[in-house]
Amino acid sequence: MTAMPPPRHRGAAKKPMWIIVLLSLVCVSLMGAYVYPPRRYSACYFFASSVCTPFKDWLPAVAREKTDEEIVSAVVIRDLLLMPMAVSKNPKIAFMFLTPGTMPFERLWEKFLQSHDGRYSIYIHASREKPVHSSSLFVGREIHSEKVVWGRISMVDAEKRLLANALEDVDNQFFVLLSDSCVPLHTFDYIYNYLMGTNVSFIDCFLDPGPHGTGRYSMEMLPEIEQRDFRKGAQWFAITRRHALLILADNLYYNKFKLYCKPAEGRNCIADEHYLPTLFNMVDPGGIANWSVTHVDWSEGKWHPRSYRAADVTYQLLKNITSVNENFHITSDDKKVMTRTPCMWNGTKRPCYLFARKFYPESLNNLLKLFSSYTSA
């Protein structure tokens, strides 16, 4: 009989290594895109498909591990918001003036503050030159000041410097940021009761999907600040003592804006227009009114708001401003969407504005003549 050859053992088929490497890279990329996604990051980004779903819908939920800085910040902010504030027997408003130098409306503010000693404090941050005062109420009120550059983080630094000095006085319960071109629109008693009678801060905050809003967001702010959290608002605020402390305590979000929100660098990001609105939208959105109590007219559509000369300052102009009871925002995209929101004070619709800007120095005499009439009921 013919002997059969012994069976031959076939070695295991070798899989091409390039397939294994490719699959590994794809898996790592998908997981990375899921765990640290830019806002609105989805399959559309890769495949340009009209019908697609975000990666997070493909994969099981995985919580991002917070950094040490985020944990510290969250704990500090939480405790500040929950901590009972000391009750002052003599609560005061801190008027904080951010000015390059001499303030042209000191005489008007003197008239406004007359006979209200002990109910207010004054702080002046003069960034260019020492002011020459026309009212004794403002003498010796300057704090240590540094140079301020428009649109840069130095503007926020000046605000924090003012807050730190004002917080040293335990009786200061409300903190109002004002410029050298600001004027009061009501009597002191009206403004005092308006601010002291509520527990919210008046910080302007809205979502602008256009180039001057979300278009200024930088992905470098990830992972702590996502694009959906980015907000815009006017610089001029009136805030509670609790929120003033919170601003000084924040370092995490402030540093993100210090590093990645700068003018004339592609996105033209303006720190003082975005830092506080974004911060409070993230940490205490229910604690702010979403509008500023300082009126500014942006209707001309320019880089700077309308300025009022002497001829513009009439009784009718001032009464028109003081009677406004709705705040509105316009998006900076092509749609120019306008939203109107009633100014609600403790559940009641009230006038929105307590102060206004920008007024030229030449308008002082007209304002002094009209003060008693336009600030009356």
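In the predicted model, the charged end of K160 sits over the ring of Y254, at a distance of 4.0 Å from the ring centre. A comparable arrangement involves R309, whose charged end is placed over the ring of Y360, 3.8 Å from its centre. Y254 belongs to helix α8, which spans residues 252-260 and in which L252, Y253, Y254, K256 and F257 are buried. The cover over the buried residues of α8 includes the helices α3 (68-82), α5 (153-167) and α9 (271-283).

The protein chain as a whole contains 11 helices and 13 strands. Of its 377 residues, 46% count as buried. The surface that the chain exposes amounts to about 20300 Å², and carbon and sulfur atoms supply 56% of this area. Among contacts with a separation of 6 or more, 78% are made by residues 24 or more positions apart.

The largest nonpolar core comprises 50 residues, of which F95, W109, L195 and F202 touch the most other members. At least two residues of this core are supplied by each of β1 (92-99), α4 (106-113), β2 (120-126), β3 (172-179), α6 (188-196), α10 (315-322), β13 (355-356) and α11 (364-374). Helix α11 provides the largest share, with six residues. A second core, separate from this one, has 45 residues, including A166, F230, L246 and I247.

The surroundings of F202 illustrate how distant parts of the chain meet. When neighbours within four places in sequence are left aside, F202 is in contact with F174, Y194, L195, W236, F237, A238, A289, W291, S292, V293 and W345.

Helix α4 contributes W109 to this picture, and its buried residues are E106, L108, W109, F112 and L113. These residues lie on the same side of α4, because the arc that they cover around the axis is only 160 degrees. Within the helix, W109 and F112 are three residues apart and are therefore separated by about one helical turn. An α-helix has 3.6 residues a turn, so residues three or four places apart point the same way. Both W109 and F112 are buried. Just after α4, S115 adopts a positive phi of about 70 degrees.

Aromatic residues form numerical and spatial groupings of their own. The count of aromatic pairs in the model comes to 20. In the pair of W109 and F112, the ring centres are 5.4 Å apart and the planes stand at 90 degrees, so the arrangement is edge-to-face. W109 and F112 also belong to one aromatic cluster, together with F95, F97, Y120, F138, F188, Y192 and F355.

Two loop residues were examined for their contacts across the chain. A234 is located in the loop between β5 (201-204) and β6 (238-240). Its relative accessibility is 27%, and A234 therefore counts as partly exposed. Although A234 and S292 are 58 residues apart along the chain, their C-alpha atoms are separated by 6.8 Å. With neighbours within four places in sequence left aside, A234 is in contact with D204 and S292. The other residue, G197, is found in the loop between α6 and β5. G197 has a relative accessible area of 36% and is thus partly exposed. The C-alpha atoms of G197 and W345 are 8.9 Å apart, whereas 148 residues separate the two along the chain. Beyond four places in sequence, G197 is in contact with Y192, W345 and N346.

Several features of the backbone remain to be described. The peptide bond from L222 to P223 is cis, with omega near 0 degrees, and P223 lies in the loop between β5 and β6. A cis peptide bond also joins R357 and K358, where omega is about 5 degrees; K358 is found in the loop between β13 and α11. Positive phi values occur in residues other than glycine as well, one of them being N290, with phi near 70 degrees. N290 is part of strand β7, which covers residues 288-290, and its relative accessible area of 30% makes N290 partly exposed. N346, likewise not a glycine, has a positive phi of about 50 degrees. This residue, N346, lies in the loop between β11 (344-345) and β12 (348-349) and is partly exposed, with a relative accessible area of 49%.

Definitions and conventions:
Residues numbered from 1 in each chain as written. Predicted model: local features only at pLDDT ≥ 70, side-chain atom pairs only at ≥ 80, totals over all residues. Heavy atoms only, no water. Core = buried A, V, L, I, M, F, W, Y, C linked by side-chain atoms within 4.5 Å. Buried < 20%, exposed > 50% of the residue type's maximum accessible area, 1.4 Å probe, protein only. Helix = DSSP H or I, 4+ residues; strand = E, 2+ residues; numbered from the N terminus. Contact = heavy atoms within 4.5 Å. Phe/Tyr/Trp six-rings, centres within 6.5 Å; stacked < 30°, edge-to-face > 60°. Lys NZ or Arg CZ within 6 Å of the ring centre and 35° of its normal. Arc of directions from axis to C-beta. Areas by Shrake-Rupley, 256 points an atom, 1.4 Å probe, with all protein chains shown as cover.
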